[in-house]
Amino acid sequence: MEYYLQLIINGLVVGSIYSLVALGFVIIYKATKVVNFAQGEMVMAGAYICFALTVQYQIPFALAFVMTLAFSVLLGLLIERMVLRPLIGEPIISVVMVTIGLSSILKSLVQVFWGTQIRVFPSILPQEPFILMGLPIAPVYIAAFGLCILLFAIFSLFFKYSSVGIAMRATAFDQQAAQSMGIGIKNIFALSWCIAAVVSSIGGIILGNINGINSQLGHLGLKVFPAVILGGLDSLLGAALGGLIIGVLENVCEGLARELLNLGGFKEVASFVVLVIILMVKPHGLFGTEEIERV
Amino acid sequence: MSLLNVQNLEVVYNDVVLVLKGLSLNVEKGSITTLLGANGAGKSTTLKAISGLLEGEDGKATSGTILYKGKPMSSKSPEKTVRQGIFQVMEGRRIFEDLTVEENLRCGAYTQPAKNFSTNLEKVYTYFPRLRERRTQLAGYMSGGEQQMLAIGRSVMACPELLLLDEPSLGLAPLLVEEIFDIVKKINKEEGVTVLLVEQNARMALSLADYGYIMENGRIVMDGKGSELLHNPDVQEFYLGLSHGGEKRSYRDVKHYRRRKRWLG
Ligand SMILES: Nc1ncnc2c1ncn2[C@@H]1O[C@H](COP(=O)(O)OP(=O)(O)OP(=O)(O)O)[C@@H](O)[C@H]1O
Ligand SMILES: [Mg+2]
């Protein structure tokens with residue numbers, strides 16, 4: 001029993017990181033209809049920058065964290081400006097291909113600068129586990145989960161109450177109508193990429209603190225697909241729950257397979273199997289919008 | 001004083017389709033001016049050329065000038081035109097269906113300072129009490145008439161000087177059309193907003209408007225005071241469905257009439 005509880009907790013923590021990355025993915029998709037295949041590499045870029053600042057330049061973690069976020073904003077702006085803005089109006093498939101290219105570029109850059117071996121962040125939180133209802137939980141897990149929840153809360157408020165957040169939702173619904181309101185949609189696009197880059201970096205930094213990082217970290221981007229599709233490509237709540245569900249599922253499936261069948265490697269497929277089943281029942285995902293139909 | 005003056009405007013879509021072929025019109029400050037014409041005449045295109053919304057449709061103004069307050073303003077982006085006081089209510093209402101009524105209104109107020117928000121909101125709710133009742137409802141679930149009110153409400157939030165209204169009567173029951181037009185008139189009078197109104201419903205539009213233009217195929221073919229056009233036999237025959245007997249005439253005759261009128265006048 002305890003074994004499974006532990007699996008679930010691990011799943012929730014990893015899942016909350018998936019949620020965060022999925023949030024970035026969904027924001028870009030909603031605002032620009034671009035499926036960003038470089039999302040995982042944005043996670044990786046943030047993680048490596050933070051690693052370089054803390055380990056190689058010995059900058060205190062808190063400061064390094066803030067600097068990494070600033071870097072992510074720049075990265076988001078740069079990608080939007082250099083890569084995507086020239087493609088406005090081009091077929092969506094071209095744009096998607098470009099994000100795939102972008103993912104290779106980011107990955108190669110990381111390998112050029114930092115190689116392919118695993119890098120470990122210095123531990124910033126105490127190692128002594130917390131005991132919650134008899135279960136030992138690493139403080140970094142609690143911090144990770146808490147941070148993800150906090151970020152989701154902030155973004156929910158942002159999209160619900162701030163002018164810019166509402167404008168982003170309006171732009172997602174109808175770009176031309178948004179323009180007719182005086183909303184600068186190019187700024188909205190740029191902002192979407194910045195937010196996506198920032199949340200991805202935070203995800204990367206958290207992962208680095210839990211597991212360490214290597215140049216394969218970008219594969220995380222693939223995990224985000226089942227999460228967002230499960231949640232419904234355009235729903236923030238869906239991204240949050242989709243990420244958590246995928247995280248828990250893959251950990252529990254892996255654990256079950258190991259215990260009962262003595263097999264490993266289920267982690268990678270479990271989420272995709274469940275995804276297929278759910279989509280057969282609910283093709284728009286759990287929370288995706290079906291068009292409003294008036295009668 | 002002229003608020004908006006369009007001279008010999010030509011608009012091309014996709015670099016090939018010439019839709020406006022030298023259109024000229026003038027909108028006096030404080031007036032309601034209407035632009036009438038059959039489907040596909042280029043009315044919406046004219047409004048989009050003024051507001052800058054052509055940009056996203058691969059349309060270009062290839063020649064001509066648009067003077068706003070006496071200054072040329074071609075090739076401005078739509079967000080700049082909104083900030084200059086020109087607001088277009090697009091054809092088909094184009095409300096943000098998965099936003100609430102009040103969130104839609106906040107979008108209209110996007111370019112306005114936050115401190116004016118509540119006064120403007122109150123203004124909109126006074127013009128359209130029905131929007132107040134539904135302010136937390138998703139806009140997509142409202143009736144067509146309520147959506148049109150919301151679309152006009154959004155424009156009031158932007159405090160425009162020149163309001164471009166594209167077929168506000170589209171798909172509405174006659175009674176509702178009257179209600180909407182009454183409010184347009186009120187907004188014109190009380191807020192001092194100049195209105196350029198595109199309509200299919202020629203009778204309503206002409207009885208409301210100070211001045212009217214009739215366009216066909218990308219050009220203005222006739223213009224005059226609202227009341228004059230309303231009683232003009234050609235307009236009555238072609239746009240108001242009143243017959244004066246005799247064989248069916250084509251639009252070309254209207255142009256002859258116009259030419260004749262010019263020579264005589
Ligand atoms: N984005 C576009 N690309 C290509 N052609 C267009 C585009 N928009 C409009 N047109 C063409 O331009 C012409 C004028 O269109 P416009 O929408 O301005 O007409 P309208 O007078 O508003 O008609 P309606 O009363 O039906 O709204 C039409 O022939 C239309 O097919
Ligand atoms: Mg039209």
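A polar contact here is a pair of N or O atoms within 3.5 Å; within protein, one must be able to donate a hydrogen and the other to accept it, and residues adjacent in sequence count only if both atoms are side-chain atoms.

**Entry 1: ground rules**

I am working from a predicted model, in which local features need pLDDT of at least 70 and side-chain atom pairs count only at pLDDT 80 or more, while totals for chains, interfaces and linings use all residues. Residues are numbered from 1 along each chain as its sequence is written, chains are lettered from A and ligands numbered from 1 in the order in which they are written, and side-chain values use heavy atoms, with hydrogens and water left out.

**Entry 2: ligand 1**

I began with polar contacts to ligand 1. A polar side-chain atom of B:Lys43 sits 2.7 Å from an oxygen atom of the ligand. For B:Thr45, I found a side-chain N or O atom 2.5 Å from a ligand oxygen, and for B:Glu167 the corresponding distance is 3.0 Å. Taken alone, ligand 1 exposes 630 Å², and the protein buries 67% of that (accessible areas by the Shrake-Rupley method with a 1.4 Å probe; for residues, only the protein chains shown count as cover).

Which residues are closest to ligand 1? They are B:Asn39, B:Lys43, B:Ser44, B:Thr45 and B:Gln200, out of 15 that surround the ligand (a residue is near if one of its heavy atoms lies within 4 Å). I sorted this shell by class and got four nonpolar, seven polar and four charged residues (Ala, Val, Leu, Ile, Met, Phe, Trp, Tyr, Cys and Pro count as nonpolar, Asp, Glu, Lys and Arg as charged, and the others, Gly among them, as polar). Helix H1 of chain B, residues 43-51, gives the most to the shell, with three residues (helices, H or I, have at least four residues and strands, E, at least two; both are DSSP runs numbered from the N terminus).

**Entry 3: the magnesium ion**

Next came ligand 2. The magnesium ion is coordinated by B:Ser44 through OG and B:Glu91 through OE, at 1.9 to 2.1 Å. The pair links distant parts of the chain, 47 residues apart: B:Ser44 is in helix H1, and B:Glu91 is in the loop between strand S6 (86-89) and helix H3 (101-108) of chain B. I count donors as N, O and S atoms within 2.8 Å of the metal (3.2 Å for Na, K and Ca); water is not among the atoms, so the site may look incomplete.

Are these two residues buried or exposed? B:Ser44 is buried at 16% relative accessibility, whereas B:Glu91 is partly exposed at 34% (buried is under 20%, exposed over 50%, partly exposed in between, with a 1.4 Å probe and protein chains only).

**Entry 4: positive phi**

Most residues other than glycine have a negative phi, so I looked up two exceptions. A:Lys33 has a positive phi near 60°; this residue is in the loop between H1 and helix H2 (39-56) of chain A and is partly exposed at 38%. B:Lys69 has a positive phi of about 55°; its place is the loop between strand S4 (59-68) and strand S5 (71-72) of chain B, and it is partly exposed at 41%.

**Entry 5: two spots across the chains**

A:Gly76, in helix H3 (residues 61-84) of chain A, is buried at 0%. In chain B, I checked B:Ile220, which lies in strand S10 (residues 219-225) and is buried at 14%. The C-alpha atoms of B:Ile220 and B:Ser24 are 7.0 Å apart, with these positions 196 residues apart along the chain.
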